[in-house]
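Colleague: I am new to this structure and would like to know the grounds for the terms used about it. Please show me the model before we begin.

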Amino acid sequence: MIFGSCVAFFTVIVGHTGPATDISTASIVTHRGARRVFASRQASAAPDIGQASHVHPMYSTTGAYVPAKNQTMPCYFSGTACRAGGAIYPAAGANMVDSQLTINGEVVCTVTATPPMMYAAMFPSVIFDSTHFANGSVVTVTASGHDSLGNFFTGSGSSTVKNSAALYGRYDFEVISPGGPGQKGIPIVQAYCSFANILATQTVVPLGASDQGWKSSRFYGDLQTSGSSIVYVHTHGEHINQSWNPPTPPSDTFILADLDEIPRDAANSQSDYHILASTVFEKETYAIGTGGLPPYNPNGVPPIWLEFNDACYTGQNNAFASAFLYPYANAYGGWCENQTQLGWSIAKYTDQTAVCADAFWSLLLLGFTADEARVRIPMVYQNGSWTGDPRQLVQCWGDWNMRLHGVYTNSPGQETRWHT
């Protein structure tokens, strides 16, 4: 048992019945109704229209607002599926003539009235990729427009970008590397995250360091406080040689922390060595907090877009997906939208880490989806010797169409635009 009813709930919702089967993209796509509502407010479709010669009663106001009047700005912008929009209302007796939306001064959406249509209000809006901006930068969204009486209205709202990655590597893999340079994954992941404008921080503790490696408690603590949207862990998975394990394994799905060089004595309890899916769930629940779905959760911690357990057997069930991808939904109606969790379904050879990391993360940087990137791994793993279904080597749980870089479109294929 991992964590009871929560896992069962997650499993039922995504329609998953087998312990080692991916969630197909059809099972986790955004609610169609919600997508249609939002799509109606994009530049690619007609904006909301009130056909009248005077202000419609529901728009009994004048001016420009970001977001719409009586709504609040997101607590942060994080990920490739961020929303930005505004509302412009004309003066009494007038109609809207044109409007535009800018993000940090760059025009991303324009709407122009085409007679005989008369716009009682305009709602320019876009989906955009926050990695277009540096982590920690302030992004200002501005909506403006003219009405038929020649009045010009403008309004703005701002929020902070949160694009960060936490990378955890074992000292024996990343530094000593008895299997050669092919065992090192952290430098590759860090480089590609940096190229994608994501601040990546690595945790690899030297032998004999005072904090004795990253214990599970440190990992859990980071989940609650760092606010990292990307998590990469290069370690050992569950089905491993018992010489790496404390004598009694826990009754939970786990990966190992980095304590191999530390004697197993009273100073290091069994719990120090194991990162449990159930405890990850508890910490992530605490991190997201209450009071609203992302990106309106008041404590401002974004959900995890991508978590990769680069470890043996960690993809064989959805335990870690259920833990890391909490709360599985956002305020825009998306179920696991732009969130994915990956893990190996086999006992992976660690000397294949570098070549596989390069294949996976480079495609994400180029604007491909998580699914498209993970099916590249079998092409390079042990010189392409994998003969099974390519999707069964590394399992991808959650949204197959998740993107690290390039605007999220809920569809496969390379995407180089930063807004749509």
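Colleague: What percentage of the 420 residues of the protein chain count as buried?

Modeller: The model is a predicted one. In the protein chain, 57% of the 420 residues count as buried, where buried means a relative accessible area under 20%. The secondary structure comes to twelve helices and 16 strands. Of the contacts with a separation of 6 or more, 72% are between residues 24 or more positions apart.

Colleague: Why are helix 5 and helix 10 called roughly parallel to each other?

Modeller: Helix 5 (residues 186–195) packs against helix 10 (residues 353–365) at an angle of about 10°. Angles under 35 degrees count as roughly parallel, and helix 5 and helix 10 are therefore given that term. Their axes are 9 Å apart.

Colleague: Which residues make that contact between helix 5 and helix 10?

Modeller: From helix 5 they are I188, V189, Y192, C193 and F195, and from helix 10 they are A354, A357, D358, W361, S362 and L365. By class, nine are nonpolar, one is polar and one is charged. Helix 5 also lies across strand 9 (164–169), strand 10 and strand 11, and runs at about 175° to strand 9.

Colleague: What makes helix 6 and helix 8 roughly parallel?

Modeller: The axes of helix 6 (residues 216–225) and helix 8 (residues 277–288) cross at roughly 25°. The cut-off is under 35 degrees, so helix 6 and helix 8 count as roughly parallel. Their axes come within 7 Å, and the crossing is right-handed. The contact is between F219, Y220, L223 and Q224 of helix 6 and T279, V280, K283, E284, Y286 and A287 of helix 8. These divide into six nonpolar, two polar and two charged residues.

Colleague: S216 is in helix 6; how do you know whether S216 is buried or exposed?

Modeller: S216 has a relative accessible area of 4%. The limit for buried is under 20%, so S216 is buried. Beyond its neighbours within four places in sequence, S216 is in contact with A257, S271, D272, H274 and I275.

Colleague: Which strands stand at the edges of the open sheet, and why?

Modeller: The open sheet has six strands in the order 10-9-11-14-15-16, with mixed pairing. Strand 10 (199–203) and strand 16 (394–398) are at the edges because each has a single partner strand, which leaves one side of each without a neighbour in the sheet. From one strand to the next, the twist averages 10°.

Colleague: What makes the pairing in that sheet mixed?

Modeller: Strand 11 (residues 230–234) and strand 14 (residues 306–310) run parallel and are joined by five bridges, with I230 partnered by L306. Strand 15 (residues 340–344) and strand 16 pair in the antiparallel sense, also over five bridges, and W344 stands opposite V394.

Colleague: Why is strand 16 called largely enclosed?

Modeller: Five of the five residues of strand 16 are buried, so the rest of the structure largely encloses this strand.

Colleague: What makes both faces of strand 2 covered?

Modeller: In strand 2 (residues 82–85), C82 and A84 lie on one side and R83 and G85 on the other, and all are buried. Strand 2 pairs with strand 6 in the antiparallel sense over four bridges, and A84 stands opposite V126.

Colleague: F128 lies in strand 6 (residues 125–128); why does F128 count as buried or exposed?

Modeller: F128 has 0% relative accessibility and therefore counts as buried. Outside its neighbours within four places in sequence, the contacts of F128 include F77, I103, F133, V407 and W418. F128 and G406 are 278 residues apart in sequence, with their C-alpha atoms 8.3 Å apart in space.

Colleague: What is notable about the backbone at N104 and C336?

Modeller: Most residues other than glycine have a negative phi, and most peptide bonds are trans. N104 is not a glycine, and its phi is positive, about 50°. C336 is not a glycine either, and its phi is positive at about 55°. N104 is partly exposed because its relative accessible area is 39%, while C336, at 0%, counts as buried.

Colleague: Where are the cis peptide bonds that join P115 to P116 and P294 to P295?

Modeller: P116 is in the loop between strand 5 (106–112) and strand 6, and omega for the bond from P115 is about 15°. P295 is in the loop between helix 8 and strand 14, and omega for the bond from P294 is about 0°.

Definitions and conventions
Residues are numbered from 1 along each chain as its sequence is written. This is a predicted model: local features need pLDDT of at least 70, side-chain atom pairs count only at pLDDT 80 or more; totals for chains, interfaces and linings use all residues. Side-chain values use heavy atoms; hydrogens and water are left out. Axes are lines fitted to C-alpha atoms, for helices over the stretch in contact, and angles run from 0 to 180 degrees between N-to-C directions. Helices (H or I, at least four residues) and strands (E, at least two) are DSSP runs, numbered from the N terminus. Angles under 35 degrees count as roughly parallel, over 145 as roughly antiparallel, 65 to 115 as roughly perpendicular and the rest as oblique. Contact means heavy atoms within 4.5 Å. Ala, Val, Leu, Ile, Met, Phe, Trp, Tyr, Cys and Pro count as nonpolar, Asp, Glu, Lys and Arg as charged, and the others, Gly among them, as polar. Buried means under 20% relative accessible area, exposed over 50%, partly exposed in between (1.4 Å probe, protein chains only). A crossing is left-handed if the near helix is turned anticlockwise from the far one by less than a right angle, and right-handed if clockwise. Two strands pair if DSSP finds at least two bridges between them.
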